[in-house]
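Work through the following exercises with the sequence and the model side by side. Each task is followed by a solution that goes step by step.

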Amino acid sequence: MPTKELTHVIVGGGAAGFFGAIACAQFYPSHRVILIEKTRQPLAKVRISGGGRCNVTHGCFDPALLVKNYPRGGPELRGPFSRFQPKDTIQWFESRGVQLKTEEDGRMFPTTDSSETIIACLQAEARRLGVQIRLECGVQQIDRLEEGFRLTLSNEEELTCDRILIATGSSSKMYPLLEKLGHTIVPLVPSLFTFNLPQSPLTDLAGVSVPLAQVKLTKLGFEQTGPLLITHWGLSGPAVLKLSAWAARELHALDYQTDVVINWLPQLTEEALRQALSQHKQANPAKQIGSEAPVNLPKQLWKRLVQLAGIEQELRWSTLSNKHTQALINQLRASTFHIQGKTTYKQEFVTCGGVALEEVNFKTMESRRCPHLFFAGEVLNIDGITGGFNFQNAWTTSWIAGQSMGISA
């Protein structure tokens, strides 16, 4: 650890920025730590995440499994997660009086169900450790000096420092400055979005969900399985959101115009499904086919799929032909719709792209191109699926960056 006092500037007042500033101030109490945020209100994304509850992290405690939730950046995060993972996040917040709870799907929230709890904790810890927080303070220019950096701020003030941590998320204004410092920026495209199906015959079933469906982008070679929600604009739910993240670049290249294929009952093989329909037919020959679902699907959805298979609702099971049976099986296993556009998931805008990962040392989060420049969070070409994984990336990379910033003078 250096003997002289250093000045560290953290650019960005989001989750990664605050956590990095706190880590830096904690590891180097004699150093000056300044956090600058271009807006009036820091931690804005924390405030709206998880519907205002803040999905802090995910209850996955094996780094090897954890990295599988990152379409981009998983291999690079394997080492960092062995040093700071969800267990450490939980302990960090609990040691500061914030209890977390785990929901059935693994997502973790504060027991208060309020993001303000997380915001208050981060702000209080930053104040306690003496972090200087400067709001409405954007960065216009970053110049390398013989020793350290000079930042030109939006109010034309100049600020010199020894180290910089960039934690600005996917802010497009920062990337040109980083390119001037020698970094390659992987183009940004949206990730984590829902599918628009304006011509879908399902839109009047908005609100209907199935607990398990397989969603495929057959032409692109991607598929995901999970809960699926029909909306008034198309399709949403965890299966679609995960699929959008993994296929983000390919969908962008197609201008979000391609077919999506849905298997509504992926737990059943074609033969098992055929047998279920046959047994129902034998047990209920006089009943109308559209009157009830013989499989685990909402009645409204079943009736619509029967209709899409070209079968009249009033037809009796006893008169169902082999041809109609096959058509119904095809519809249950491979309903095909055309995607025409996307919609941001709630207010949680996530991108893939950013600083090229090979240009960063993931043991310290320091730039390989520009010494004493560090990165954390979504400014890097890292993104996770929905469920708290993007926040965990922010906590982990900023914790490592913060404690690395003062190592060498």
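Angles between helix axes under 35 degrees count as roughly parallel, those over 145 as roughly antiparallel, those from 65 to 115 as roughly perpendicular, and the rest as oblique. The axes are lines fitted to C-alpha atoms, for helices over the stretch in contact, and the angles run from 0 to 180 degrees between N-to-C directions. The model is predicted, so local features need pLDDT of at least 70 and side-chain atom pairs count only at pLDDT 80 or more, while totals for chains, interfaces and linings use all residues. Residues are numbered from 1 along each chain as its sequence is written, and side-chain values use heavy atoms, with hydrogens and water left out.

**Exercise 1. Describe how α2 and α6 are oriented to each other and which residues meet.**

Step 1. Helices (H or I, at least four residues) and strands (E, at least two) are DSSP runs, numbered from the N terminus. The axes of α2 (residues 44-52) and α6 come within 8 Å and cross at roughly 155 degrees.

Step 2. The two helices α2 and α6 are therefore roughly antiparallel to each other, and their crossing is right-handed. Here a crossing is left-handed if the near helix is turned anticlockwise from the far one by less than a right angle, and right-handed if clockwise.

Step 3. With contact taken as heavy atoms within 4.5 Å, Val46, Arg47 and Gly52 in α2 meet Ser115, Glu116, Ile118 and Ile119 in α6. By class, this contact has 3 nonpolar, 2 polar and 2 charged residues, where Ala, Val, Leu, Ile, Met, Phe, Trp, Tyr, Cys and Pro count as nonpolar, Asp, Glu, Lys and Arg as charged, and the others, Gly among them, as polar.

**Exercise 2. Carry out the analysis for α11 and α12, and state what covers the buried residues of α11.**

Step 1. The axes of α11 (residues 299-308) and α12 (residues 322-333) come within 9 Å and cross at roughly 125 degrees. The pair α11 and α12 is therefore oblique, and α11 passes α12 in a right-handed crossing.

Step 2. On the side of α11, Trp302, Leu305, Val306 and Leu308 take part, and they meet Leu328, Gln331 and Leu332 in α12. The contact of α11 with α12 comprises 6 nonpolar residues, 1 polar residue and no charged residues.

Step 3. Buried means under 20% relative accessible area, exposed over 50%, and partly exposed in between (1.4 Å probe, protein chains only). The buried residues of α11 are Leu301, Trp302, Arg304, Leu305 and Val306, and what covers them includes β13 (209-217), β14 (222-230), α10 (270-283), α12 and β17 (335-340).

Step 4. After the helix α11 comes glycine 310, whose phi is positive, near 80 degrees.

**Exercise 3. Locate the partners of lysine 101, arginine 134 and lysine 287 in salt bridges.**

Step 1. A salt bridge is a side-chain nitrogen of Lys or Arg within 4 Å of a carboxyl oxygen of Asp or Glu, and the structure holds 19 of them.

Step 2. Lysine 101 pairs with aspartate 113, the closest N and O atoms being 2.9 Å apart. This pair links strand β4 (residues 100-102), which holds lysine 101, to the loop between β5 (107-110) and α6 (115-128), which holds aspartate 113, 12 residues apart. Lysine 101 is partly exposed at 26% relative accessibility, and aspartate 113 is partly exposed at 30%. Both belong to a network of salt bridges that links Arg53, Lys101, Glu103, Asp105, Arg107 and Asp113.

Step 3. Arginine 134 pairs with glutamate 157, with 2.5 Å between the closest N and O atoms. Arginine 134 lies in strand β6 (residues 132-134) and glutamate 157 in the loop between β8 (149-153) and β9 (158-161), so the bridge ties together parts that are 23 residues apart in sequence. Arginine 134 is partly exposed at 24%, as is glutamate 157 at 29%.

Step 4. Lysine 287 meets glutamate 292 in a salt bridge of 3.2 Å, N to O. Lysine 287 is partly exposed at 36% relative accessibility, and glutamate 292 is partly exposed at 29%.

**Exercise 4. Is histidine 31 buried or exposed?**

Step 1. Histidine 31 is placed in the loop between α1 (15-27) and β2 (32-36).

Step 2. At 8% relative accessibility, histidine 31 counts as buried. Its C-alpha atom is separated by 9.8 Å from that of valine 131, 100 residues apart along the chain.
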